[in-house]
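Please open the model in your viewer and keep the sequence panel beside it. The tour below goes from one selection to the next and says what is to be found at each stop.

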Amino acid sequence: MSKGQAVTNEAGLHAWAVLLSAHATLVERIEAALAAAELPPLAWYDVLWALERAEGGQLRMRELAQAVVLSRSNLTRLVDRLEAAGLTARAACADDRRGAYAVITATGREMRKRMWPSYRREIETLFAGHLTQKEATTLGELLMKVLRAVRGA
């Protein structure tokens, strides 16, 4: 490994550590804001948003797990809680007896819309408000570059 590669590697390791710290801190603060507004946790929003965007408002459980970056077992428990709250339902998969769809309900759509103003305000205050338009664009492009590379692997 050349000296230039070692410096780049150290910079990459530092960037990774800062990314993890920033993510954890931002999520903690957003969770606190949602709780203060008597709204459900951020993970609920993520699931509802993924389902709302999906064709027909439904995704197979494995597709939903990929969309929200949760383990299958954690997602199953989360969808159980969302279903108990009337925000999602399960539907059998016609072409696979073992498969199931998570489906957003009208109540789920309403809850996601209720959560968005608080969530958006926190994104703007805690994150976007500290970046210029150019910095935000660059950061988004850099993270997308990594995401594409990892997904393509």
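Begin with helix 2 and helix 5, whose crossing is left-handed, a term used when the near helix is turned anticlockwise from the far one by less than a right angle, with right-handed kept for clockwise. Helices (H or I, at least four residues) and strands (E, at least two) are DSSP runs, numbered from the N terminus. This is a predicted model, in which local features need pLDDT of at least 70 and side-chain atom pairs count only at pLDDT 80 or more, while totals for chains, interfaces and linings use all residues. Residues are numbered from 1 along each chain as its sequence is written, and side-chain values use heavy atoms, with hydrogens and water left out.

Select residues 42-53 for helix 2 and residues 106-126 for helix 5: the two pack at an angle of about 120°, with their axes 9 Å apart. Axes here are lines fitted to C-alpha atoms, for helices over the stretch in contact, and angles run from 0 to 180 degrees between N-to-C directions. Helix 2 and helix 5 are therefore oblique to each other, since angles under 35 degrees count as roughly parallel, over 145 as roughly antiparallel, 65 to 115 as roughly perpendicular and the rest as oblique.

Now show the side chains at this contact (heavy atoms within 4.5 Å). On the helix 2 side are Leu42, Tyr45, Asp46, Leu48, Trp49 and Glu52, and these meet residues of helix 5 that include Arg109, Met111, Trp116 and Tyr119. By class, the contact of helix 2 with helix 5 has eight nonpolar, one polar and five charged residues, where Ala, Val, Leu, Ile, Met, Phe, Trp, Tyr, Cys and Pro count as nonpolar, Asp, Glu, Lys and Arg as charged, and the others, Gly among them, as polar.

Stay here for the aromatic rings. Rings of Phe, Tyr and Trp (its six-membered ring) pair if their centres lie within 6.5 Å, and planes under 30 degrees apart count as stacked, over 60 as edge-to-face and the rest as tilted. By this rule the count comes to three aromatic pairs. The rings of Tyr45 and Trp116 have centres 6.0 Å apart and planes at 25°, so this pair is stacked. The pair links distant parts of the chain, with Tyr45 in helix 2 and Trp116 in helix 5, 71 residues apart.

Next, keep helix 2 selected and add helix 3, which packs against helix 2 at an angle of about 120°, with the axes 10 Å apart. That makes helix 2 oblique to helix 3, and the crossing is right-handed. Asp46, Val47, Ala50 and Leu51 in helix 2 meet Leu64, Ala67 and Val68 in helix 3; the residues of this contact divide into six nonpolar, no polar and one charged.

Turn then to the sheet, where three strands form an open sheet in the order 1-3-2 with antiparallel pairing; two strands pair if DSSP finds at least two bridges between them. Strand 1 (58-60) and strand 2 (88-93) are the edge strands, each pairing on one side only, and the twist averages 30° from one strand to the next.

Select strand 3 (residues 96-104) together with strand 1, to which three bridges join it. Arg60 stands opposite Tyr101, and the bridge partner of Leu59 is Ala102. On the other pairing, six bridges join strand 2 to strand 3, and the two strands form a hairpin with two residues between them. Along this hairpin Cys93 stands opposite Asp96, and Thr88 has Ile104 as its bridge partner.

Finally, zoom out to the chain, which has six helices and three strands in the pattern α-α-β-α-α-β-β-α-α along the sequence. Its C-alpha atoms fill a box of roughly 55 × 40 × 25 Å, taken along the principal axes.
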